[in-house]
Amino acid sequence: MENEKLQEQTESMADYEAHFDDANPWNVVARYQEEGTNLHVKVEGIVNGGVIAMVEGLRGFIPASRLSLSYIEDLETYLLKEIDVRVIEANQAEGRLILSAREILREQKKAEKLASVQVGSVVKGTVESLQSYGAFVRLENGLSGLVHISQISTQRIKSADQVLHVGDEVDVKVIGIKDGKISL
């Protein structure tokens with residue numbers, strides 16, 4: 001009976017401590033960073049080299065180079081704009097919270113390109129690199145895919161460089177797309 005009470009108190013204390021940790025905004029933003037959480041924020045200020053947005057009551061800095069995929073001429077165009085960002089650095093000791101929209105924008109652009117790729121289609125590409133298991137080919141749309149060594153030739157080969165060379169122009173057939181990876 002006494003062991004059960006002690007266990008309940010221990011569990012209750014652990015819940016309390018976990019809740020207390022969540023009360024510290026630095027712990028929350030550190031968890032956002034670990035989990036790669038997308039955050040919807042509003043740009044509230046312009047400073048030298050970037051913009052400011054608030055996250056969990058903390059002042060976050062978004063460098064101009066991490067606001068967009070291209071160069072931004074006038075940061076003022078971002079003032080009061082709502083954007084999606086990720087925490088890339090959360091340093092409580094130095095009071096530094098760095099955010100970035102660039103990774104999310106890259107993922108969205110890649111997803112759009114992937115959506116345009118059709119399984120079964122034949123496309124042109126350039127051999128980018130050769131590995132022991134196959135060849136990576138850069139497609140016309142900028143995406144890369146893998147041609148497994150078993151798909152390179154109708155005859156059995158020991159290495160991709162027996163048939164292909166970096167820089168070769170090739171026609172490849174898309175045979176699958178899974179988890180953002182293209183099989184050719």
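How many aromatic pairs does the count come to? In this predicted model, the count comes to one aromatic pair. A pair of aromatic rings is described by the distance of the centres and the angle of the planes. Here the partners are Tyr133 and Phe136, whose ring centres lie 6.2 Å apart. Their planes stand at 90 degrees, and because an angle over 60 degrees counts as edge-to-face, the pair of Tyr133 and Phe136 is assigned to that class. Both residues are intermediate in their accessibility, a class that lies between buried, under 20%, and exposed, over 50%. Tyr133 has a relative accessibility of 38% and therefore counts as partly exposed. Phe136, with a relative accessible area of 26%, is likewise partly exposed.

Phe136 belongs to strand 7, which covers residues 134-139. Strand 7 runs antiparallel to strand 6 (residues 122-131), and six bridges join the two. Within this pairing, Thr126 is found opposite Arg138 of strand 7. The two strands form a hairpin, with two residues between them. Strand 7 also pairs in the antiparallel sense with strand 8 (residues 144-148), here over five bridges. One of the residue pairs involved is Ala135 with its bridge partner Val147 in strand 8. Strand 7 and strand 8 likewise form a hairpin, in this case with four residues between the strands. Gly142 in that hairpin adopts a positive phi near 95 degrees.

These strands are part of an open sheet of six strands, arranged in the order 9-6-7-8-11-10 with mixed pairing. The edges of the sheet are formed by strand 9 and by strand 10 (176-178), each of which pairs on one side only. On average, neighbouring strands of the sheet are turned by 40 degrees against each other, direction ignored. At one end of the order, strand 10 pairs with strand 11 (residues 181-183) in the antiparallel sense over three bridges. Lys178 has Lys181 of strand 11 as its bridge partner.

Antiparallel pairing is also found among strands with lower numbers. Strand 1 (residues 39-47) is joined by four bridges to strand 2 (residues 50-55), and the two run antiparallel. Val43 has its bridge partner, Ala53, in strand 2. Strand 1 and strand 2 form a hairpin with two residues between them, and Gly49 in the turn has a positive phi of about 85 degrees. Strand 1 further pairs with strand 4 (residues 82-91), again in the antiparallel sense and over four bridges. In strand 4, Asp84 stands opposite His40.

The largest pocket of the model has a volume of about 200 Å³. Two elements give two or more residues each to its lining, namely helix 4 (149-152) and strand 9 (169-173). Strand 9, an edge strand of the six-stranded sheet, gives the most to the lining, with four residues. Val147, the bridge partner of Ala135, also lines this pocket. Other lining residues include Val137, Gln151, Ile152, Val170, Asp171, Val172, Lys173 and Leu184. By class, nine residues of the lining are nonpolar, one is polar and two are charged.

Conventions:
Residues numbered from 1 in each chain as written. Predicted model: local features only at pLDDT ≥ 70, side-chain atom pairs only at ≥ 80, totals over all residues. Heavy atoms only, no water. 1 Å grid on protein atoms, 1.4 Å probe; cavity = no way out; pocket = protein on both sides within 12 Å on 5 of 7 lines; lining within 4 Å. Points joined across faces, edges and corners; volume = space filled by probe spheres on them. Nonpolar A, V, L, I, M, F, W, Y, C, P; charged D, E, K, R; others polar. Pairing = 2+ DSSP bridges. Axes fitted to C-alpha atoms, helices over the stretch in contact; angles between N-to-C directions. Phe/Tyr/Trp six-rings, centres within 6.5 Å; stacked < 30°, edge-to-face > 60°. Buried < 20%, exposed > 50% of the residue type's maximum accessible area, 1.4 Å probe, protein only.
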